[in-house]
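Reader: I should be grateful for a close look at a single part of this model, namely the parallel sheet and its setting in the chain. Please define each term as it arises.

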Amino acid sequence: MSAEPGLKLTSKDKVLLHLKDYWGHREDREYPAALTQKGISEMTGLRLSHVPRTLQGLVSEEFVDEKKAHVKGEKRRYKVYILTDKGVTETGRIIEDLRGQTVVVNGSYVSVGNVLDKEEATHRFRLLLRLAGEEITSLKRKPVLAGPIPGISDFVDREDELELLEQMLGDPMSKVMLVYGPQGYGTTALAAKFAHVASHQWSIGWLSVEKSLKKLRISIAKTLAALDVQGLTPEHMTDPKKLATALEGSSIVLVIDGYHEVSEEVVEYFTGLVAALRDTAGFKILVTLREDTPPYNRFYSIIDIHDGVAGEVHVRGLDLEHCRQMLGEPNIEPDAMKRLFLFTRGCPTDVKLLARGDENEMRVKSRFSPEEIKLMLFLKGQTKE
Ligand SMILES: Nc1ncnc2c1ncn2[C@@H]1O[C@H](COP(=O)(O)OP(=O)(O)O)[C@@H](O)[C@H]1O
Ligand SMILES: [Mg+2]
């Protein structure tokens, strides 16, 4: 077996994770010895001479508080170390990171997230240390892509939108990514681009929204099966809570494309899923929605936004420079370009049609009148010499 290193834990990770296991003792009158330097050394396997340096770093980053206190079974007071709120958050981030990794236990791949969920999670760190042990070989997670993800070869711009999405992806609190845009402005394209970027770390399942709940469930089940998620039953499909729990720590982003007009039962299903995702981690959804999605079809609340569980990105027209780039006419006369920009309003669908320059196709597919189309094609041919 190739000797890939086990789960990588830095000494900082180890100490934080260990202290998190003892977080429940922060208000004890006598502290467990595990919170002293010696205890930390014994429990983490870090050399005693190494521990003070690590702790010093953590104290100065305000992840850990140091104080002198009574320790169980000891007469004199010792320095003990307790996580601060900031330290708890940081530890959550580390765990979130680790959850996404896959290790091999007894010859089969398991996600660290699933192991943490199955065992009593009160002593996560010891469990993680076991997973990091030498007898266990860890692999970098192999993310999987499943479903009809559109290609992205000619994709331009959307830097800000992509950055927002990446922030949400990296934020353990954030579970529901919402990409809004008017029809034809590129929500699907943006989601596809993002899916390709995210797929370095996350598995991506892609499906189109369905108006009927029955079809939607089947589509979700198929997509998850294609991602090789094991052990899902029809019950998981009917109960979003069960589904969210089963997918905890799976590092899957389920992209659901094209939300607009759906049935009431689909709205309810999504509402239930968002509620369930509040309590789980390591599984997210990304939904693309038409900007004019009616209010009665909304499936999340302002509170979800406020809490950072859900986040919105709004796609608008491309700017002039990127329209020019899409048009493929770098030498176009600036005034002509400006006028085309005003015609198309930066809508990528229009710009793409214009780039192809097929008058008949434009007549069939675009909202422009035959005269406008003639004018636009004429402007496109105006190049500076
Ligand atoms: N940023 C972009 N760069 C290049 N092409 C784009 C971009 N955004 C959208 N498109 C193209 O414009 C068309 C409409 O985009 P699409 O994502 O399907 O719109 P929506 O899903 O919002 O209705 C597609 O042909 C798509 O490839
Ligand atoms: Mg679309």
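Author: The following account begins with the whole chain, turns to the sheet, and then moves outward to the ligand shell, the domain contact and a few single residues.

This is a predicted model, in which local features need pLDDT of at least 70, side-chain atom pairs count only at pLDDT 80 or more, and totals for chains, interfaces and linings use all residues. Residues are numbered from 1 along each chain as its sequence is written, while chains are lettered from A and ligands numbered from 1 in the order in which they are written.

The protein chain has 385 residues, of which 35% count as buried. A residue is buried if 20 or more other C-beta atoms lie within 10 Å of its own, exposed if 12 or fewer, and partly exposed in between, with C-beta atoms placed from the backbone. Along its principal axes the C-alpha trace spans about 95 × 50 × 45 Å. The secondary structure comes to 18 helices and 11 strands; helices (H or I, at least four residues) and strands (E, at least two) are DSSP runs, numbered from the N terminus. Among contacts between residues at least 6 apart in sequence, 74% join residues at least 24 apart. Two residues are in contact if their C-beta atoms, placed from the backbone, lie within 7 Å. The chain is divided into domain 1 (11-139), domain 2 (145-314) and domain 3 (320-380), with bounds that come from an automatic or database domain assignment.

The part requested is an open sheet of 6 strands in the order 6-8-9-10-7-11, with parallel pairing. Two strands pair if DSSP finds at least two bridges between them. Strand 6 (145-146) and strand 11 (310-314) are the edge strands, each pairing on one side only.

Strand 10 (residues 283-290) is largely enclosed by the rest of the structure, because 7 of its 8 residues are buried. On one side, strand 10 pairs with strand 7 (residues 176-181) in the parallel sense over 6 bridges, and Gly181 stands opposite Arg290 of strand 10. Strand 10 also pairs with strand 9 (residues 252-259), again in the parallel sense and over 6 bridges. In that pairing Ile256 stands opposite Val287 of strand 10. From strand 9 the chain crosses through helix 12 (residues 264-278) to strand 10, and this β-α-β crossover is right-handed: with the strands pointing away from the viewer, the path from the first strand over the helix to the second runs clockwise. Strand 7 has a further parallel pairing, with strand 11, over 5 bridges. There, Met177 has Gly311 of strand 11 as its bridge partner.

Ligand 1 is surrounded by 17 residues, the closest being Gly186, Thr187, Thr188, Ala189 and Pro348. A residue is taken as near a molecule or strand if its C-beta atom, placed from the backbone, lies within 6 Å of it. Helix 8 (187-198) and helix 16 (348-356) are the elements that give two or more residues to this shell. Ligand 1 lies between domain 2 and domain 3, because both give residues to the shell around it. By class, the shell has 6 nonpolar, 7 polar and 4 charged residues; here Ala, Val, Leu, Ile, Met, Phe, Trp, Tyr, Cys and Pro count as nonpolar, Asp, Glu, Lys and Arg as charged, and the others, Gly among them, as polar.

Domain 2 also meets domain 1: 11 residues of domain 1 are in contact with 8 residues of domain 2. On the domain 1 side, helix 4 (85-99) and helix 5 (112-118) are the elements that give two or more residues, and helix 5 supplies the largest share, 5 residues. That side has 2 nonpolar, 5 polar and 4 charged residues. The C-alpha centres of domain 1 and domain 2 lie 33 Å apart.

Two residues deserve a note on backbone geometry. Most residues other than glycine have a negative phi. Arg158, however, has a positive phi of about 65°. Arg158 is placed in the loop between strand 6 and helix 7 (159-170), and counts as buried because it has 20 C-beta neighbours inside 10 Å. Glu62 likewise has a positive phi, near 65°. Glu62 is found in the loop between helix 3 (51-60) and strand 1 (64-69), and is exposed, with 12 other C-beta atoms within 10 Å.
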